[in-house]
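Visitor: I am new to this structure and would like to know the reasons behind the labels people put on it. Could you walk me through them?

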Amino acid sequence: MTLRSPSFWIAVLSTGVVLFVAYGYLNRTSPGPLTTVHARIDSLGGAGSCSNCHGGWFESMTDACLECHQPIGDQIEERIGLHGALPPKQAKQCAACHSDHRGGSFAIVNRVSFQLAGIDDPQKFDHQLVGFAMAGRHTELSCEKCHEHADVQPLPEGAGRFVGLDKDCSNCHEDAHEGRMKLACASCHGQVAFDQFDSLGHEKFLPLTGGHAALECRECHAKDNTHSLEALGRGRRKNARRCLDCHESPHDEGFVTRVAVSAREDRGASCAVCHRAEHETFRDGVTTTAAQHAQSGFSLALPHDVAKCEECHSAELETFAERYPGRTAD
């Protein structure tokens, strides 16, 4: 290889570039002291440590950050939590919200961090964003009541500031049932007070509207029976409650059975064929088709097909027996 050879000069130039980059890499200086939480980590201090946070030749800064902050990486990947709620591109720009090199007393998580995430006031953070609909007594609590390190500076080594909690009530509250209940606490208790029962989700079994709206839980779920709150909580009651479990039917047995068969309903739940949960009483808003009326033994054929209910069943009569005395086709 001679001085005139292109290969010679390419080799010289390449060597120079490598030496220049290496010299600059080894002699570069930090733009400022690290915050305390990073400065106390040995691998992040000293010459040549920049890549541990900023990424090396084949690693981005985001990748470097998430190597240490794996819970945040899980949030972004699973689209959960605050970081998972952010647009994916923004969620991976760690330094935009959490800058460093501003000294030991600088807080990496601060009010500006929240504002960049679209949260103007951290004290009014809407927890629905992270999957927890906070209400009642919870809205009166300061952040540190649940997040003990919310305002602690610097963050204790190995501790989390806002991550690490879930919606399991037992994380913060002592289980008064000592593990005897299979249902989650929120199935029976709201967020106002533990001694007040809550009916959230009750519509899966019975909508608490109409005549059921103002009832106390114990009126239907009294102690020491198969429908008690305790029995339900322990998973002992498997079947949904039927109308006839609570209400006595004034109807003829044969009529109830025929209505149930024609509607393909369980006999004990067949009341709902004519009566709706939103009714205040059993007399409210009852609508009966001609086919259902025929199950009583009296078909609404001509000329009764145009008669109004009250023409035969006067609303002025008080009792069910008086209003619906039962008539033959004679």
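Guide: Here is a short talk about a few labels and what earns them. Please keep in mind that this is a predicted model.

Visitor: Let's begin with salt bridges; how many are there?

Guide: The count comes to five salt bridges.

Visitor: What makes Arg 242 and Asp 266 a salt bridge?

Guide: Their closest N and O atoms are 3.1 Å apart. The cut-off is 4 Å between a side-chain nitrogen of Lys or Arg and a carboxyl oxygen of Asp or Glu, so the pair earns the name.

Visitor: Where in the chain do these two partners lie?

Guide: Arg 242 is in the loop between helix H12 (229-233) and helix H13 (243-246), while Asp 266 is in the loop between helix H14 (253-263) and helix H15 (290-294). They are 24 residues apart, and the pair links distant parts of the chain.

Visitor: Which residues are linked in a network of salt bridges?

Guide: Arg 242, Asp 245 and Asp 266 are linked in that way. The side chains of Arg 242 and Asp 245 meet at 3.6 Å, N to O. That is within 4 Å, so this pair is a salt bridge too.

Visitor: Why is Arg 242 called partly exposed?

Guide: Its relative accessibility is 35%. Buried would need under 20% and exposed over 50%, so Arg 242 falls in between. Asp 245, at 31%, is partly exposed, and Asp 266, at 40%, is partly exposed as well.

Visitor: How do you know that Arg 137 and Glu 140 form a salt bridge?

Guide: Their side chains meet at 3.8 Å, N to O. Since the limit is 4 Å, the pair counts. Glu 140 has 61% relative accessibility, which is over 50%, so Glu 140 is exposed.

Visitor: Is His 275 buried or exposed, and why?

Guide: His 275 has 18% relative accessibility; buried means under 20%, so His 275 is buried. His 275 lies in the loop between H14 and H15.

Visitor: What lies 3.0 Å from a polar atom of the His 275 side chain?

Guide: The backbone oxygen of Phe 282 does. Leaving aside neighbours within four places in sequence, His 275 is in contact with His 251, Phe 282 and Val 286.

Visitor: Which residues make up the largest nonpolar core?

Guide: There are six residues in all: Leu 66, Ile 72, Ile 76, Leu 86, Ala 91 and Ala 117. Apart from neighbours within four places in sequence, Leu 66 is in contact with Ile 72 and Gly 73.

Visitor: Which peptide bonds are cis?

Guide: One of them runs from Gln 153 to Pro 154, with omega near -10°. Pro 154 is found in the loop between helix H10 (143-146) and helix H11 (217-220). Another joins Leu 302 and Pro 303, where omega is about 5°.

Visitor: What is the phi of His 101?

Guide: Phi there is near 65°, a positive value in a residue other than glycine. His 101 sits in the loop between helix H8 (94-97) and helix H9 (111-116). At 23% relative accessibility, between the 20% and 50% limits, His 101 is partly exposed.

Visitor: And why is Arg 264 called exposed?

Guide: Arg 264 has 79% relative accessibility, and exposed means over 50%, so the label fits. Arg 264 also has a positive phi, about 55°, although it is not a glycine.

Conventions
Residues numbered from 1 in each chain as written. Predicted model: local features only at pLDDT ≥ 70, side-chain atom pairs only at ≥ 80, totals over all residues. Heavy atoms only, no water. Core = buried A, V, L, I, M, F, W, Y, C linked by side-chain atoms within 4.5 Å. Buried < 20%, exposed > 50% of the residue type's maximum accessible area, 1.4 Å probe, protein only. Contact = heavy atoms within 4.5 Å. Helix = DSSP H or I, 4+ residues; strand = E, 2+ residues; numbered from the N terminus. Polar contact = N/O pair within 3.5 Å; in protein donor to acceptor, adjacent residues only side chain to side chain.
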